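Biologist: Hi! Could you walk me through this model before I head back to the bench?
Modeller: Happy to, have a look at it here.
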Protein chains: 2
Amino acid sequence: MTDLNEPMTQVPKPAETARRSDGGSREKEALPEAKLVEYAELLFFAYRDFTRDPDAILKDFGFGRAHHRVLHFVNRHSGLRVVDLLDILTITKQSLSRVLKQLIDKGYIVQQAGSADRRERLLYPTDKGRMLAERLAAPQLVRLADALHAAGPGAEVAVRDFLEAMVNAEDRPKVSSIMAASPRPLKRRDKEEGA
Amino acid sequence: MTDLNEPMTQVPKPAETARRSDGGSREKEALPEAKLVEYAELLFFAYRDFTRDPDAILKDFGFGRAHHRVLHFVNRHSGLRVVDLLDILTITKQSLSRVLKQLIDKGYIVQQAGSADRRERLLYPTDKGRMLAERLAAPQLVRLADALHAAGPGAEVAVRDFLEAMVNAEDRPKVSSIMAASPRPLKRRDKEEGA
DNA sequence: TCGTTTATGTCAGCCATGTTGACTTATCTT
DNA sequence: AAGATAAGTCAACATGGCTGACATAAACGA
């Protein structure tokens, strides 16, 4: 399987947008591979440091990065369902279960059965959960604000467009709808509750 | 410790640039917290998908993301030392050891004693290692090229400045020197080899 | 009403990859 | 010769992914 002994002549299928992978200066090609590699490395370093501050705080609470992710999305999009969270995090139910249970047991998140569909367990942060979420977010938001400021006036739009385009094309609508729905309940599919 | 029962009045220490954390409309403050949160989420989603393609390929080789990181930096900065790698990845020697040994045993990386300092084990990719590294990088580079293109003409500079500023200030010189030194040996401290 | 699907939860075990701590060997430096 | 440095190793442990198998409750469709 995937023998790797041919010298990479054919372009390995890209994400989904399938353009050329550089190597033959075709089209308007502005960025040489070497430049692109630098962006890849910068993204690695940026993300590495983006997670540092909250990771340190989490340790004081006996939590890990997985807890942060769950608490963040429950806090920013309270009322979401377990299945929404699974979809956002792209992990298995069992993996989520472990950290979610700990957050519930320790009083950072509460569940509430859905009113339209009582099978659903809508997730909400407690006051304690909200406070921890904000505390974890604070250094990240400062870092982002500083970085956007450092990148100049045009950066807000450019960085946003860039990050959005980095997401798998088929997931972009989902990501947009997640971000559009702030605090309140997440985009319910379509039952009888308003819409 | 870190009791969390006070309502977050004091600004939790930022990364290192220490500005205000929003909340009191001071200074030129352009970005409200809600906007910043969206950048945090977008960065999460972008990185999530950025690692997807190579992760899938790695599985075919019995490797994980940790192997990818090691192979990448050895390939792009061949001749680096183990300590350089530790510094880049910010993991322990023991964690690195495990994946590095596997990459060496399977013939993707070779070691060579340093000529100036024979204690050092300089790391180089084999042809096989180079091919795998390129194969793993390919979909990521396509994704980056597409995203930069989608973000418009000014995005290259803005995104680069943004990502650089996201890195811890004290690590920025190091990151720059890593990226400046492409293929050839990494910045040796200062022995008798030129400089 | 009954059967199926859906949303959630759970048990059990495995794997990848991070951690700490202790210690060895080879080599360079002073 | 002594001490510092680069690298490697052993052992134990924690986190957070994974698969597979199942259980329960509620909704839905025929």
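Modeller: One term to begin with: buried means under 20% relative accessible area, exposed over 50%, and partly exposed in between, with a 1.4 Å probe and protein chains only. By that scale A:T90 is partly exposed, with a relative accessible area of 42%.

Biologist: Where does A:T90 sit?
Modeller: A:T90 is in the loop between helix 4 and helix 5 of chain A; helices are DSSP runs (H or I, at least four residues), numbered from the N terminus. Its phi is near 55°, a positive value in a residue other than glycine.

Biologist: And what is phi for B:T90?
Modeller: For B:T90, phi is near 55°, again positive in a residue that is not glycine. B:T90 lies in the loop between helix 4 (82-89) and helix 5 of chain B, and is partly exposed at 42% relative accessible area.

Biologist: Before I go on, what should I know about the ground rules?
Modeller: This is a predicted model, where local features need pLDDT of at least 70 and side-chain atom pairs count only at pLDDT 80 or more, while totals for chains, interfaces and linings use all residues. Residues are numbered from 1 along each chain as its sequence is written, chains are lettered from A and ligands numbered from 1 in the order in which they are written, and side-chain values use heavy atoms, leaving out hydrogens and water.

Biologist: Thanks. On to the DNA: how many residues surround DNA strand C?
Modeller: DNA strand C is surrounded by 27 residues, where near means a heavy atom within 4 Å. The closest are A:K93, A:Q111, B:R69, B:S95 and B:R98. Sugar and phosphate make up 55% of the strand C atoms that come within 4 Å of the protein.

Biologist: Which part of DNA strand C does the side chain of B:Q94 approach?
Modeller: A base oxygen of DNA strand C, 2.6 Å from an N or O atom in the B:Q94 side chain. That is a polar contact (a pair of N or O atoms within 3.5 Å; within protein, one must be able to donate a hydrogen and the other to accept it, and residues adjacent in sequence count only if both atoms are side-chain atoms). A polar side-chain atom of A:Q111, in turn, lies 2.4 Å from a phosphate oxygen of strand C.

Biologist: Which helix gives the most to that surface?
Modeller: Helix 3 of chain B, with four residues near DNA strand C.

Biologist: And what comes nearest to DNA strand D?
Modeller: Of the 27 residues around DNA strand D, the nearest are A:R69, A:R98, B:K93, B:Q111 and B:R119. B:R119 has a polar side-chain atom 2.6 Å from a base oxygen of strand D, whereas A:R65 uses a backbone N or O atom, 2.9 Å from a phosphate oxygen. Helix 3 of chain A supplies the largest share of this surface, four residues.

Biologist: Last topic: how many residues of chain A are in contact with chain B?
Modeller: 86 residues of chain A are in contact with 86 residues of chain B, contact being heavy atoms within 4.5 Å.

Biologist: How many salt bridges are there between chain A and chain B?
Modeller: Six, a salt bridge being a side-chain nitrogen of Lys or Arg within 4 Å of a carboxyl oxygen of Asp or Glu. One salt bridge joins B:E38 and A:R160, with the closest N and O atoms 2.5 Å apart.

How values were computed. Helix = DSSP H or I, 4+ residues; strand = E, 2+ residues; numbered from the N terminus.
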